Amino acid sequence: MSQFTVAIVGTGPDPANPTVEGFAMGYRHAEAYRNNDHCRVVACADIVRENAEAFANEFDIDDAAVFEDYAEMLEAVEPDLVSVTVPPAIHEDIVVGCAESGVVDAVHCEKPMAHTFASATRMVEACDERDVQLTFNRQRRFGRPFTEANRLLDEGAIGDLERIEIGWGDFYDTGAHTVDLAGMFNDEHPAEWVIAQLDYREEDLRFGAHQENQMWAQWRYDNGVHGVMATGEGASLTDAAFVLRGTDGTVRIDVEDGPMLELSQDGTREAIDVGEENMHWAPSDSDSDSDQERFGSPFQDRSIADTVDALRTGEESQLSGHNGLKTAEIIFGGYESVRRRARVDFPLETDDNPLETMVESGALSPTAPGSPDESTD
């Protein structure tokens, strides 16, 4: 059986100690490729040579296929598929570089999609122009709490979907999952507008990007379904991480003091079996003490399998850059709404990251943890 050759850009540091500066997602991608019969990891690149060498040792990559410069790696190895696991601000340069190399058939990139909306758009356009498959690693789409909730929606268990309420995480980093999942629940319909407000009083930097402390956002899809999201102190507004409200019932995911998935109909509440899976994790498919348990999870395996299957069949993956843009538009549009103090209608015409711009201009002035608060002087 022929296999796709895979290269990883951005191996990261020790995967046993992930932080918001480096999560070592390259290891998790590589483990999922190693678990897939259609793939073979053949090369890696990282600007920190010792990180790349440690990664190569873990995944049996030849010394000659270890690089500091990803462009040199592409020229030397000509991989079929490249996983890009670097901070969001670097995504565009590498994704576009892979597309323009002429040797890569597919790029699988980490989330958040990009550091600006213009950057997200350029990645999709560059890959479309060169017929390169572009996907983003929103692996939670494959967790049973979410797939089972989607099944209930498809079967009409709560009638017509009217509103998706989110009370988990944040708007940019975790939002890359939550807003994406809302889109999945609503059959990938695009949004028409978003309105939002946020609070950013204590500095929070994740993978080089600012992340607000608290946010409220509301958006409407073109089929009339609404999405609402409350983060930070406001997250307790809902009684679950996700509440899917329909004309004939409600689905809740990660119910407060309750089951992981619950269906409410006609005054009754029923727990839906999702095995041992939760929103973040699933038990290993293997009974052995494997690298998978150290580096990854079945969610990651399923995400890579979907990407590889799309490459094999020529069908668009649900993780496609086109779906990613719908999520990015809501996120950056929400920040633009804060900046304008008004509702933002789509298509979004903002090129930057309004949150970053507001911080850089001083319009938002968070106090770094541990630093004196100037307002008390």
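Me: What does "buried" mean for a residue here?

Reply: Buried means under 20% relative accessible area. This model is predicted. In it, Arg141 has 2% relative accessibility, so Arg141 counts as buried.

Me: Which residue forms a salt bridge with Arg141?

Reply: First, the cut-off: a salt bridge needs a side-chain nitrogen of Lys or Arg within 4 Å of a carboxyl oxygen of Asp or Glu. Asp180 is the partner of Arg141, and their closest N and O atoms are 2.7 Å apart. The two sit in distant parts of the chain, 39 residues apart. Asp180 belongs to helix H7 (residues 175-185). Arg141 lies in the loop between strand S6 (133-136) and helix H6 (144-154).

Me: Is Asp180 buried or exposed?

Reply: Buried. Its relative accessibility is 3%.

Me: How should I read a salt bridge inside one helix?

Reply: Check the spacing along the helix. Glu31 and Arg34 are three residues apart in helix H1 (residues 25-34), about one turn. Their side chains form a salt bridge at 2.7 Å, N to O. Now check accessibility. Partly exposed lies between 20% and 50%. Glu31 is buried at 4%, whereas Arg34 is partly exposed at 36%.

Me: Where do Glu336 and Arg340 lie, and how many residues apart?

Reply: Both are in helix H10, four residues apart, again about one turn. In their salt bridge the closest N and O atoms are 2.8 Å apart. Glu336 is buried, with a relative accessible area of 6%. Arg340 is partly exposed at 43%.

Me: Which residues are linked in a network of salt bridges?

Reply: Lys111, Asp170, Asp173, Asp204 and Arg206. Across the whole structure, a search finds 27 salt bridges.

Me: Now the sheet. How many strands form it, and in what order?

Reply: Read across it, strand by strand. Nine strands make an open sheet, ordered S16-S15-S14-S13-S7-S12-S11-S8-S17. The pairing is mixed.

Me: Which strands stand at the edges?

Reply: Strand S16 (268-271) and strand S17 (344-345). Each has a single partner strand, so one side of each is left without a neighbour in the sheet.

Me: In what sense do S8 and S17 pair?

Reply: Antiparallel, over two bridges. Strand S8 covers residues 191-199. For one bridge, look at Trp193: its partner in S17 is Asp345.

Me: Which helix packs on the sheet there?

Reply: Helix H10 (residues 321-340). It touches S8, strand S11 (214-221) and S17. The direction of H10 makes about 60 degrees with that of S8. The Glu336 and Arg340 pair lies in this helix too.

Terms used
Residues numbered from 1 in each chain as written. Predicted model: local features only at pLDDT ≥ 70, side-chain atom pairs only at ≥ 80, totals over all residues. Heavy atoms only, no water. Pairing = 2+ DSSP bridges. Contact = heavy atoms within 4.5 Å. Axes fitted to C-alpha atoms, helices over the stretch in contact; angles between N-to-C directions. Buried < 20%, exposed > 50% of the residue type's maximum accessible area, 1.4 Å probe, protein only.
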